[in-house]
Amino acid sequence: MKTVYLGMSGGVDSSVSAVLLKEAGYRVVGVYMKNWSRDLPGMKCPWADDLSDAKRVATKLGIDFEVFDFEKEYKQKVVDYMLDEFKKGNTPNPDVMCNEEIKFKLFYDIAMSKGADMIATGHYAQITDGELARAVDENKDQTYFLYRISQDAIEHTIFPIGHMLKPDVKKFAEEHGLANAYKKESMGVCFVGEVGMKDFLKTYLEESGEAGIYIRPGEIKDADTGEVLGMHDGAIFVTLGQRHGLDVGGGLPYYVTGKDMAKNEVYVSKDLNSKDLWTNEIKIRDGFFRLGPIDTDTLNGMPVQVRLRHRAPLIPARIELTCWKHGRLTHLKEVHATLKFDKPIKRPAPGQSAVIYDDEICLGGGIVV
């Protein structure tokens with residue numbers, strides 16, 4: 001009997017995954033990853049409740065259960081990375097880093113060292129012929145957040161619900177008497193809960209003594225005329241393309257077209273066709289690709305599809321590699337590339353991820369420059 005270590009968050013997706021794995025004949029060890037336990041202003045961290053829910057399901061199913069304490073590593077690998085990116089004026093995606101560094105690296109390594117044959121999570125994704133592939137439920141597909149997972153992890157991972165639709169997962173949970181069948185899904189920062197990013201940043205900037213640098217009034221200027229239209233309380237809180245939450249008066253909406261972190265200035269425009277909001281190409285850094293059967297010559301110039309945010313439509317593009325260092329033969333690491341589009345696209349915020357697909361297969365991606 002093969003042993004699978006399953007990440008259990010206390011939610012319905014990982015709970016149903018536990019049932020499916022057990023029914024498939026695996027020895028299942030449920031693991032709650034304690035990545036965060038700190039309360040934040042206006043938000044009590046739900047970790048204790050989530051742990052209790054996960055343990056309750058494990059007890060009901062009669063499977064072993066463990067807790068892995070990753071708080072220190074999560075702070076170093078995810079939170080500190082996120083804060084550094086925001087300070088640079090970027091808009092990072094902590095969920096991508098959490099999957100790369102915590103769930104499919106730290107958790108994976110420890111599980112394998114404990115004798116696991118495989119690991120599993122409740123993500124909506126699939127493994128097809130050893131490649132990361134999109135889930136059947138296109139609305140819930142989470143490959144956007146999983147693109148940086150190593151080939152080793154992919155080859156030893158099971159996504160039990162990747163072939164299911166979300167309503168069917170909830171129905172399955174109800175039919176099997178799982179108490180969390182209709183538990184509300186957590187939103188917001190990965191494992192931090194439903195706390196606003198602005199409040200999260202403020203807390204840490206104040207504690208680090210950097211509040212005076214980043215949380216201070218600055219001018220909002222018209223990108224075309226230079227006219228001062230209003231004030232903001234910190235350029236660090238503003239994202240390219242943002243149109244809500246700007247103190248610039250009434251009339252037609254303004255869109256953020258850029259910002260200068262050194263000057264603490266934000267630039268906006270009413271022009272929906274502004275060249276700063278649209279582009280025919282984007283550059284990516286820190287790219288990571290699982291090549292599989294595709295070699296670098298094939299990838300360079302290859303027509304692909306690109307997803308620029310979770311649940312966004314796939315956009316046809318062509319990839320041009322500009323700089324890379326080879327890792328294993330099946331990997332490309334530290335890739336710098338340009339993605340070229342036939343039609344102008346809404347410019348994504350620097351720091352976000354551009355995830356690249358070949359039809360159903362997720363090849364990898366990189367961080368938008």
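User: What is the relative accessible area of Arg-311?

Analyst: This is a predicted model, in which local features need pLDDT of at least 70 and side-chain atom pairs count only at pLDDT 80 or more, while totals for chains, interfaces and linings use all residues. Residues are numbered from 1 along each chain as its sequence is written, and side-chain values use heavy atoms, with hydrogens and water left out. Arg-311 is found in the loop between β13 (303-307) and β14 (315-326), where strands are DSSP E runs of at least two residues and helices H or I runs of at least four, numbered from the N terminus. Arg-311 is partly exposed (buried is under 20% relative accessible area, exposed over 50%, partly exposed in between; 1.4 Å probe, protein chains only), and its value is 48%.

User: What is the phi of Arg-311?

Analyst: Arg-311 is not a glycine, yet its phi is positive. The angle is about 75°.

User: Which strand holds Asp-286, a residue with a positive phi?

Analyst: Asp-286 is not a glycine either, and its phi is near 50°. This residue is partly exposed, with a relative accessible area of 34%. Asp-286 lies in strand β12.

User: Which residue of β17 is the bridge partner of Ile-284?

Analyst: Strand β12 (residues 278-290) runs antiparallel to β17 and is joined to it by four bridges; strands pair if DSSP finds at least two bridges between them. Strand β17 covers residues 361-368, and seven of its eight residues are buried. The partner of Ile-284 in β17 is Val-368.

User: Which residue takes a positive phi in the hairpin of β16 and β17?

Analyst: Strand β16 (residues 353-358) pairs with β17 in the antiparallel sense over six bridges, and one pair of bridge partners is Ser-353 and Ile-367. Two residues stand between the strands of this hairpin. The one with a positive phi, near 60°, is Asp-359.

User: Which strands stand at the edges of the open sheet of five strands?

Analyst: The five strands follow the order β3-β2-β1-β4-β7, with parallel pairing. An edge strand has a single partner, so one of its sides is left without a neighbour in the sheet. The edges are β3 (64-69) and β7 (157-158).

User: Which residue of β3 is the bridge partner of Gly-30?

Analyst: Strand β2 (residues 27-34) runs parallel to β3, and six bridges join them. Gly-30 has as its partner in β3 the residue Phe-65.

User: At what angle do the axes of α3 and α8 cross?

Analyst: Two packed helices are described by the angle between their axes and the distance between the axes. The axes of α3 (residues 71-87) and α8 (residues 197-207) come within 11 Å. Residues in the contact (heavy atoms within 4.5 Å) include Val-79 and Phe-86 of α3 and Phe-200 and Leu-201 of α8. The axes cross at roughly 95°.

User: Which backbone oxygen lies 3.2 Å from a polar side-chain atom of Asn-264?

Analyst: Asn-264 sits in the loop between β10 (255-260) and β11 (265-269) and is buried, with a relative accessible area of 3%. Beyond its neighbours within four places in sequence, the residues in contact with Asn-264 include Glu-219, His-232 and Ala-235. The Asn-264 side chain reaches the backbone oxygen of Arg-216 at 3.0 Å. The oxygen at 3.2 Å is that of Pro-217.

Key. Axes fitted to C-alpha atoms, helices over the stretch in contact; angles between N-to-C directions. Polar contact = N/O pair within 3.5 Å; in protein donor to acceptor, adjacent residues only side chain to side chain.
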